[in-house]
Structure formats: C-alpha cells, structure tokens
Amino acid sequence: MTRPADSTDVAIIGAGNIGIAVAYYLVVNHGVKRIVLLDSGDPMALTSAQSGENYRNWWPHPFMTAFTDYAINLLEDIARASGNRIHMTRRGYALATRRSTPEDLLADLHRGYGVRATSLIRTHESSGAGRYRPATSSDWKAAPDGVDVLLDRALIQEHFPGLAPDIGAILHVRRAGNISAQQLGQFMLESIRAAGGQVRRARVTAIDRDAAFTLTVREKDGTASLRADRVVNAAGPFFTEVAAMLGETLPVSCIYQQKIAFEDRARAIPRTLPFTIDLDGQMLLWTDEERALLSSEAEGSILLETMPGGIHQRPEAGDEGSWITLGWAYNATASDPASEPPIDPNFPDVVLRGASRLNPALQTYLGRLPRGARHYGGYYAMTPENWPLIGPMHTPGAFMAGALSGFGIMSATATGALCAAWIAGAAQPDYAPAFTLGRYNDQALMAELKENATKSIL
Ligand SMILES: Cc1cc2nc3c(=O)[nH]c(=O)nc-3n(C[C@H](O)[C@H](O)[C@H](O)COP(=O)(O)OP(=O)(O)OC[C@H]3O[C@@H](n4cnc5c(N)ncnc54)[C@H](O)[C@@H]3O)c2cc1C
C-alpha cells in the first residue's frame with residue numbers, strides 16, 4: 001500500500017467526474033504526476049453518481065457549443081482508445097414542441113451553431129422531402145452530425161409513433177447521446193494512479209496559505225495536514241464551502257433535481273427512442289381533492305401553476321435493456337447541500353403525469369409504478385447565468401472547476417482539460433476566459449447572457 005503523501009504539487013478537492021478529469025488532463029497533457037485527489041467519500045459517489053449521463057452540443061450560445069464540442073471530441077478519443085469502455089452512444093436529443101413554427105428555437109439553433117449553422121441544420125417540411133435518417137443505430141460513429149428539424153406532423157408520427165399527435169415540430173440534435181460516467185471516471189483514475197497520482201479518503205476542513213498551501217484533512221484515523229503548491233476546488237455542491245476556506249465568495253447556489261427510473265414492463269417507450277424532451281410548459285390536471293391537498297403543502301403550490309418545459313425521458317441500459325428514466329428539473333429553489341436532500345414524495349407522480357402528455361402510453365404507470373422503481377436526485381451547482389466556473393480563483397495558486405449544473409458529465413473532459421491548462425499555464429481556446437470569474441467584468445457578455453440565458457431546464 002502506498003503511504004499517503006504529506007506534500008504534493010497539486011491537491012484536488014473532490015473526486016467526482018470533474019476533479020478526476022482535472023487530474024487526468026494534468027497527467028496526460030502536462031506530465032504533472034504529483035497529484036493528490038481528496039474526497040470525503042468514495043470517488044464518483046456524490047452528484048456524479050446521480051447523473052442522467054446525457055450529452056449534447058445543443059446550446060443557444062456559440063461558446064457553450066464550442067466547449068461541449070471540445071468535450072465530445074475528447075470523449076470520442078477515449079471511446080476510440082478504450083474500445084468504447086465508456087459506453088458512448090449517439091441517438092441524439094429529440095426536442096419536441098406543439099408549435100409548428102418554433103422561430104425562437106430555430107433562432108437559438110442558429111445562434112448556437114454560429115457560422116456552421118447553415119450547413120448543420122437540415123429542415124424537413126413534408127414526408128417525401130429530404131432524407132431524414134432516424135436513429136436506428138446507437139453507434140456513435142454511425143450517427144450524422146448537425147440537427148434535423150422535422151416540421152411535418154405526418155413525418156413526426158412516422159418516425160416517433162409513440163408521441164402525442166399534437167407534436168408540431170421536432171428538433172433532432174444528432175451530436176448527442178449518453179455515456180457511462182462511472183466508466184469514464186474509472187478509466188481516468190487508472191491513468192492517474194499509473195502515473196503515481198494518489199486518491200485519498202479525507203475531508204478538507206481548512207486551507208492555510210503562506211508560500212504554499214496547507215490543507216487540514218480529517219481522515220478515519222484523525223486529522224492530518226497536506227502541503228500543496230497548488231489547490232483545485234472541484235467540490236461539486238460544496239464549491240462555495242471550499243472557496244470560503246480560501247476567504248472567497250462564489251456566485252453559485254445549489255438546486256436539488258430529481259429523476260425516476262423503472263422497468264418499462266408495458267414497453268411504453270421504444271428502445272430506439274432518442275433522449276426526448278418536451279419543451280412546452282404545461283398545467284397538470286388534478287382533481288379538486290388533489291388540489292386541496294397540494295395547496296396545503298409547502299412545496300405543493302408550484303405544482304398547481306403552469307410548470308416549465310424540459311420534461312425528459314429515455315430508454316436506459318441500451319437496446320437490450322428494459323428500464324427507462326424520466327426527469328424534470330422544475331425545482332427553482334436553492335437549498336443547503338449539507339442538509340437532508342429535499343426529495344419530494346410527489347415527484348414520481350408529477351413526472352409521470354407530465355411525461356404522459358408527450359408519450360401517452362406512460363399513463364399506464366399512473367398510480368402504479370412497477371416494483372423496484374428508483375426515485376433519486378442530486379444538486380445542480382449553478383451560477384445565475386448557468387455557465388461554469390473553470391480557471392484561476394482570486395487566491396494565487398488556487399484554481400476551480402465547478403458550477404457544472406446539469407451538464408457536468410457531458411463537459412467533464414473539456415472542463416478537466418481547460419482547468420489543467422490554466423494550472424500548467426498552457427494555451428487555451430478563445431472562449432476559455434468567458435468561463436472564469438473575469439466574465440463578471442465583461443458587461444457586454446453578461447448583458448448577452450442575461451438576455452439569452454442558457455437553458456437550465458435539463
Ligand atoms: C439529477 C441529475 C441529473 C443530471 N443529469 C446530467 C446529464 O444527463 N448530463 C450531464 O452532463 N450532467 C448531468 N448532471 C450534472 C452532473 O451530474 C454534475 O454536473 C457533475 O456530476 C458534477 O460533478 P462534480 O465532480 O463537480 O461534483 P460531485 O460528483 O458532487 O463531486 C464533488 C466531490 O467533492 C467531494 N467534496 C466536497 N467537499 C469536500 C471536502 N471539503 N473535502 C473532500 N471532499 C469534498 C464530494 O464528496 C464529492 O465526491 C445531472 C445532475 C443531477 C443532479
């Protein structure tokens with residue numbers, strides 16, 4: 001067994017997908033080997049274990065598109081190098097709306113894909129026209145790039161027969177799918193350990209700074225200290241808590257979001273369905289008795305109002321699997337991640353009702369979810385504009401990689417590579433400064449973000 005180091009070049013606080021990816025790219029891109037990853041629990045056991053593991057390059061801003069395209073390129077490199085150990089698939093994201101001319105969504109697509117938009121967006125306005133290729137295969141190498149915009153109800157019903165007949169448009173984003181976050185983390189941890197990096201089960205409780213950093217760490221056997229030339233805050237929902245140990249405040253809050261997963265015994269969702277999202281808001285139907293009950297509960301009243309769009313569903317565990325997941329990130333209330341998770345017992349019923357509007361066959365599960373169904377959740381750590389924070393902190397020698405909201409698995413590789421490049425003082429892509437604290441001094445960018453706030457509904 002390796003003796004725990006008492007000093008290191010880089011101490012990374014948090015061994016979720018993000019801290020692990022920072023360590024991995026320090027090793028493989030910059031040859032940094034003296035790394036200690038610290039986590040109070042098992043690696044990959046907090047937020048990174050609750051993710052839907054979906055990825056996409058669909059964003060309404062070209063910086064986020066470039067960032068996730070970079071992340072997907074790196075994921076593809078790992079898939080290629082590892083014989084697809086990370087189970088990368090590519091059936092796309094199907095974004096559904098009842099509107100037949102969703103101008104704002106098309107404008108978002110064009111803004112996000114920038115100069116490449118015209119070549120990437122294909123519009124299909126009738127069944128016969130154009131050649132829409134449905135996602136028959138889950139192989140990421142076989143999928144087309146770009147976006148297919150289906151604006152014909154007959155064409156939509158032909159290819160998405162389970163969806164409600166009132167769906168007027170589908171935007172099928174093709175560079176999208178899912179991966180295994182756990183396999184990605186394991187793959188990276190093997191390289192980190194092989195290079196001499198250490199993973200240590202320890203809670204960081206204080207950080208002092210003189211010429212270097214001294215971290216006070218609480219371990220099974222008591223308290224110890226670790227000297228580090230540089231520290232990285234990758235503490236997920238505890239991002240602001242670790243920043244406070246350095247005397248810094250970050251504009252990040254934590255919002256609890258939930259999912260359910262269950263065996264789809266009734267085969268309500270075809271196994272070939274892409275990750276499918278209902279973009280339209282909706283008012284759920286309740287009986288008078290249910291309304292009275294919900295209005296008497298603290299969290300119940302938002303369920304009586306118009307709920308936001310973003311409800312999503314997808315088959316789980318590949319073509320041969322039988323489980324499905326449903327999610328709806330409608331909660332907008334921040335809470336303290338150190339307290340008991342605010343899991344809402346109404347959620348399974350709410351998400352099923354909402355998802356049944358898009359996929360009516362799901363109604364069969366209302367009030368009778370199959371035995372063994374899972375209801376779980378985790379925190380979206382978010383800035384108000386829902387962009388990440390990756391790069392230097394105010395404290396010299398301290399870096400951060402966090403506020404990854406609902407996109408931290410899909411962007412873990414790029415986040416790790418950018419943060420590692422900041423630490424090594426290496427070249428960065430043009431958009432990298434926009435993901436640092438420096439963006440708050442860029443009034444034009446902040447005004448733009450306020451106007452076109454990145455969607456936080458997923
Ligand atoms: C319900 C849900 C669905 C999601 N779906 C998707 C999706 O489909 N696609 C996607 O890309 N993203 C998704 N996400 C987001 C994604 O899961 C997160 O962005 C990502 O996991 C964040 O990783 P992390 O490493 O920053 O945080 P975490 O995984 O939480 O890791 C942080 C680690 O830091 C440790 N830590 C904290 N403080 C200390 C300390 N003081 N000392 C030592 N250790 C400490 C914790 O123990 C933890 O292990 C989803 C999130 C949720 C909640």
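Which residue stands opposite Phe399 in S19? Pro392 does, and the tour reaches that pair after a look at the whole chain.

**Before you start**

The model is predicted: local features need pLDDT of at least 70, side-chain atom pairs count only at pLDDT 80 or more, and totals for chains, interfaces and linings use all residues. Residues are numbered from 1 along each chain as its sequence is written.

**Whole protein**

Show the whole protein as a cartoon. Its secondary structure comes to 11 helices and 19 strands; helices (H or I, at least four residues) and strands (E, at least two) are DSSP runs, numbered from the N terminus. The radius of gyration is 22 Å, close to the 23 Å that the globule rule gives for 458 residues, so the protein is as compact as a globular protein of that length. That radius is taken over C-alpha atoms, and the globule rule is 2.2 Å times the number of residues to the power 0.38. Along the principal axes, the C-alpha trace spans about 65 × 50 × 45 Å.

Buried residues make up 46% of the 458 residues. A residue is buried if 20 or more other C-beta atoms lie within 10 Å of its own, exposed if 12 or fewer, and partly exposed in between, with C-beta atoms placed from the backbone. Of the contacts with a separation of 6 or more, 76% are between residues 24 or more positions apart; a contact means C-beta atoms, placed from the backbone, within 7 Å.

**Domains**

Colour domain 1 (7-53 + 181-251 + 385-451), domain 2 (89-178) and domain 3 (253-382) separately. These bounds come from an automatic or database domain assignment. The centres of domain 1 and domain 2, taken over C-alpha atoms, are separated by 35 Å.

**The ligand**

Now select the ligand and its surroundings. It lies between domain 1 and domain 3, because both give residues to the shell around it. The shell holds 43 residues, and the closest are Gly14, Gly16, Gly236, Gly378 and Gly408. A residue is near the ligand if its C-beta atom, placed from the backbone, lies within 6 Å of it.

Elements that each supply at least two shell residues include helix H1 (17-30), strand S2 (35-39), strand S10 (203-209) and strand S13 (253-263). Strand S17 gives the most, with 4 residues.

Colour the shell by residue class: 19 are nonpolar, 20 polar and 4 charged. Ala, Val, Leu, Ile, Met, Phe, Trp, Tyr, Cys and Pro count as nonpolar, Asp, Glu, Lys and Arg as charged, and the others, Gly among them, as polar.

**Strand S12 and its partners**

Select strand S12 (residues 222-233), which is joined by 6 bridges to strand S1 (residues 7-13), the two running parallel. Two strands pair if DSSP finds at least two bridges between them. Centre on Arg227: its bridge partner in S1 is Ser7, and Thr214 stands opposite it as well. Thr214 belongs to strand S11 (residues 213-219), which runs antiparallel to S12 with 7 bridges. A hairpin through 2 residues joins S11 to S12.

S12 also runs parallel to strand S19 (residues 398-402), with 3 bridges. Here Val231 partners Ala398, and Val232 partners Phe399.

**Strand S19**

Stay on S19, where 5 of 5 residues are buried. Ala398, Met400 and Gly402 are on one side, Phe399 and Ala401 on the other, and both faces are covered. Strand S18 (residues 389-392) is joined to S19 by 4 bridges and runs antiparallel; this is where Pro392 stands opposite Phe399. S18 and S19 form a hairpin with 5 residues between them, and Gly397 in the turn has a positive phi of about 90°.

**Three loop residues**

Glu385 lies in the loop between S17 and S18. Glu385 is partly exposed, with 19 other C-beta atoms within 10 Å. From Glu385 to Glu219 is 36 Å, C-alpha to C-alpha, and 166 residues in sequence.

Finish with backbone angles. Most residues other than glycine have a negative phi. Arg267, in the loop between S13 and strand S14 (275-278), has a positive phi of about 55°. Arg267 is exposed, with 12 other C-beta atoms within 10 Å. Ala317, in the loop between strand S15 (311-316) and strand S16 (323-327), has a positive phi near 65°. Ala317 is partly exposed, with 13 other C-beta atoms within 10 Å.

Methods
Contact = placed C-beta atoms within 7 Å.
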